[in-house]
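User: Hi! Could you walk me through this one while I have it open on my screen?

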Amino acid sequence: MVHDTHDEFAGSVFGSGRYRTLRRIGGGGMAVVHEAHDLALDRIVAVKRLRPELAEDGVARSRFAREAHHAASLNHPAIVQVYDTGEDPGPAGPVPWIVMELVDGVTLRALLRHDGPLAWRRALRIAAHVLDALEYSHGCGIVHRDIKPVNVMVTADGTVKVMDFGIARTVHAGGGALTAAGHIMGTPQYFSPEQALGHPATPRSDVYSVGCLLYELLVGNVPFDGENAIAVAYKHVRDEPLPPTAVRQDVPGAVDDLVLHALRKDPQLRFGSAAEMRSAVARIIPDETSGPGAAGSAGRGGRRRRAGAAGGGGERTRRGPERPARRTRSRRAEATGAGGSGAAAARGGPGTSAVVAAAVVLCVALAVIAWMVG
Ligand SMILES: Nc1ncnc2c1ncn2[C@@H]1O[C@H](COP(=O)(O)OP(=O)(O)OP(=O)(O)O)[C@@H](O)[C@H]1O
Ligand SMILES: [Mg+2]
């Protein structure tokens with residue numbers, strides 16, 4: 001998150017005088033987010049504006065416009081509701097904005113930072129809601145492509161809200177200017193092997209990202225990390241994740257299976273859809289994955305224990321300074337199935353790995369460079 005000292009929007013009126021900007025509540029790489037007063041409906045909303053310094057950048061503007069367009073077409077309780085979109089003049093060109101539902105909660109990033117890894121049941125409940133949102137958006141032909149902790153919020157009553165369909169694209173559109181030429185979009189720690197290789201994202205790519213997200217909620221860190229985007233992308237393509245139980249022994253084996261199935265390299269070997277993964281979650285925590293509040297509320301007060309809950313193992317929320325104790329599974333890297341060199345790399349095994357690994361690095365590097373310049 002980027003922190004600015006100067007807030008050029010504070011107090012400004014926009015949207016033909018309909019909205020007044022109040023305090024700033026956040027900001028990412030592309031945009032800044034404020035509370036605003038909708039004077040017409042007399043309610044407090046959130047407004048997300050493209051950073052003014054990016055207003056000149058046609059790519060940034062069109063990405064933002066796509067976000068507005070996609071997000072506005074979605075209407076689901078687990079997706080932040082977009083109310084209005086528009087543009088107002090700025091010093092470097094028109095500054096687009098999105099007015100949306102103000103979520104009274106915290107991002108999963110903040111939750112992780114504050115509370116550390118979550119109780120496994122709570123992590124699964126949150127994942128179930130994210131999967132509900134994705135099942136719906138995929139049904140509308142929209143792949144999110146950037147599922148990550150900072151793009152999911154949890155309210156005080158436990159409602160989960162997925163935000164930022166900003167780099168989503170329609171599933172059937174076959175890509176546009178922003179996704180052509182092997183551009184990969186997303187955040188390296190959460191994007192799928194096929195995205196790392198520059199292949200188009202599909203609903204199964206979002207499933208993989210949910211796998212990364214759930215892994216982090218359970219364990220406290222992402223399955224693959226590294227010094228730079230290329231290193232991370234390479235690991236997505238080649239490395240096997242440590243099972244969550246290697247770090248958190250209180251997590252049932254069924255949760256290991258769930259997470260590792262979502263993280264399969266070959267999209268064809270993953271859950272076939274968000275709905276399929278959602279069903280697998282429901283089988284592990286039946287009766288806990290429906291209705292408001294099912295995700296557990298935000299902050300410390302939200303940490304709920306369910307006496308006598310089934311599923312084996314206690315529901316410890318945090319572990320001591322344990323090291324990964326064991327590697328319960330040893331799986332060979334799978335073919336990516338995306339048709340890229342990663343597939344060949346995975347099949348090649350250690351004997352052929354030097355040449356193939358170099359090819360994978362090159363492929364991933366090209367895709368990541370395209371992503372960064374795109
Ligand atoms: N509708 C909303 N209601 C409440 N807070 C919001 C809302 N939308 C965004 N925020 C807050 O603003 C922050 C910034 O959001 P933004 O999407 O601009 O950046 P980001 O998600 O942190 O990073 P990225 O640029 O990678 O998307 C969020 O992390 C969240 O804390
Ligand atoms: Mg965001």
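Analyst: Happy to; we can go from the overall make-up to single residues and then on to the sheets and helices. One thing to keep in mind is that this is a predicted model.

User: Good to know. How many helices and strands are there in the protein chain?

Analyst: The protein chain has 10 helices and 11 strands. It runs to 374 residues, of which 47% count as buried. If you take the contacts with a separation of 6 or more, 67% of them are between residues 24 or more positions apart.

User: Which residue does UniProt give for the feature "binding site"?

Analyst: That would be Lys48, according to the UniProt record, which is an unreviewed entry. In the model, lysine 48 is part of strand E4, residues 43-50.

User: Is lysine 48 buried or exposed?

Analyst: Lysine 48 is buried, because it has 28 C-beta neighbours inside 10 Å, and 20 or more is what it takes to count as buried.

User: And what does lysine 48 touch?

Analyst: Leaving out residues up to four places away in sequence, lysine 48 touches Ala31, Val33, Trp97, Ile98 and Met100. Isoleucine 98 is also the residue that stands opposite lysine 48, over in E6. Strand E6 covers residues 95-100, and 4 bridges join it to E4, with the two running antiparallel.

User: What is the strand order in the open sheet of 6 strands?

Analyst: The order is E1-E2-E3-E4-E6-E5, with antiparallel pairing. The edges are strand E1 (13-14) and strand E5 (82-88), each of which pairs on one side only.

User: Which helix lies across E4, E5 and E6?

Analyst: Helix H1, residues 58-72, and it runs at about 20 degrees to E6. Arginine 63 sits in helix H1. With 21 C-beta neighbours inside 10 Å, arginine 63 counts as buried. The C-alpha atoms of arginine 63 and leucine 50 are separated by 9.7 Å, and these two residues are 13 apart along the chain.

User: Switching to the ligand: which residues come nearest to ligand 1?

Analyst: There are 21 residues around ligand 1, and Gly26, Gly28, Val33, Ala46 and Val103 come nearest. Strand E2 (19-27), strand E3 (31-38) and E4 are the elements that give two or more residues to that shell. E2 has the largest share, 3 residues.

User: What does the shell around ligand 1 look like by class?

Analyst: It has 12 nonpolar, 6 polar and 3 charged residues. Val33, one of the residues that come nearest to ligand 1, is also one of those that lysine 48 touches.

User: Any odd backbone angles I should look at?

Analyst: Two for you. Aspartate 42 has a positive phi of about 50 degrees although it is not a glycine, and arginine 145 has a positive phi of about 75 degrees, again without being a glycine.

User: Where do aspartate 42 and arginine 145 lie?

Analyst: Aspartate 42 is in the loop between E3 and E4. Arginine 145 is in the loop between strand E8 (142-143) and strand E9 (152-155). Aspartate 42 is exposed, because 7 other C-beta atoms lie within 10 Å. Arginine 145, on the other hand, is buried, with 26 C-beta neighbours inside 10 Å.

User: E9 caught my eye. What is the order of the sheet it belongs to?

Analyst: E9 is in an open sheet of 3 strands, ordered E7-E9-E10, and the pairing is antiparallel.

User: Why is one side of E7 and of E10 left without a neighbour in the sheet?

Analyst: Strand E7 (105-107) and strand E10 (160-162) stand at the edges with a single partner strand each, so one side of each has no neighbour in the sheet. On average, neighbouring strands here are turned by 25 degrees against each other, direction ignored. E9 and E10 pair over 3 bridges in the antiparallel sense, and valine 152 stands opposite valine 162 in E10.

User: Which helices pack on that sheet?

Analyst: Helix H2 (residues 108-115) does, touching E7 and E9, and its direction makes about 85 degrees with that of E7. H3 packs there too, touching E9 and E10, at about 45 degrees to the direction of E10.

User: Last one: which residues of helix H7 are buried?

Analyst: In helix H7, residues 253-262, the buried ones are Val255, Leu258, Val259, Leu260 and Ala262. Their cover includes helix H3 (120-139), helix H5 (203-219) and helix H8 (274-284).

Conventions
Residues are numbered from 1 along each chain as its sequence is written. Chains are lettered from A and ligands numbered from 1 in the order in which they are written. This is a predicted model: local features need pLDDT of at least 70, side-chain atom pairs count only at pLDDT 80 or more; totals for chains, interfaces and linings use all residues. UniProt positions are given in the numbering used here, feature names are shortened, and annotations may be inferred rather than shown by experiment. Helices (H or I, at least four residues) and strands (E, at least two) are DSSP runs, numbered from the N terminus. A residue is buried if 20 or more other C-beta atoms lie within 10 Å of its own, exposed if 12 or fewer, and partly exposed in between; C-beta atoms are placed from the backbone. Two residues are in contact if their C-beta atoms, placed from the backbone, lie within 7 Å. Two strands pair if DSSP finds at least two bridges between them. Axes are lines fitted to C-alpha atoms, for helices over the stretch in contact, and angles run from 0 to 180 degrees between N-to-C directions. A residue is near a molecule or strand if its C-beta atom, placed from the backbone, lies within 6 Å of it. Ala, Val, Leu, Ile, Met, Phe, Trp, Tyr, Cys and Pro count as nonpolar, Asp, Glu, Lys and Arg as charged, and the others, Gly among them, as polar.
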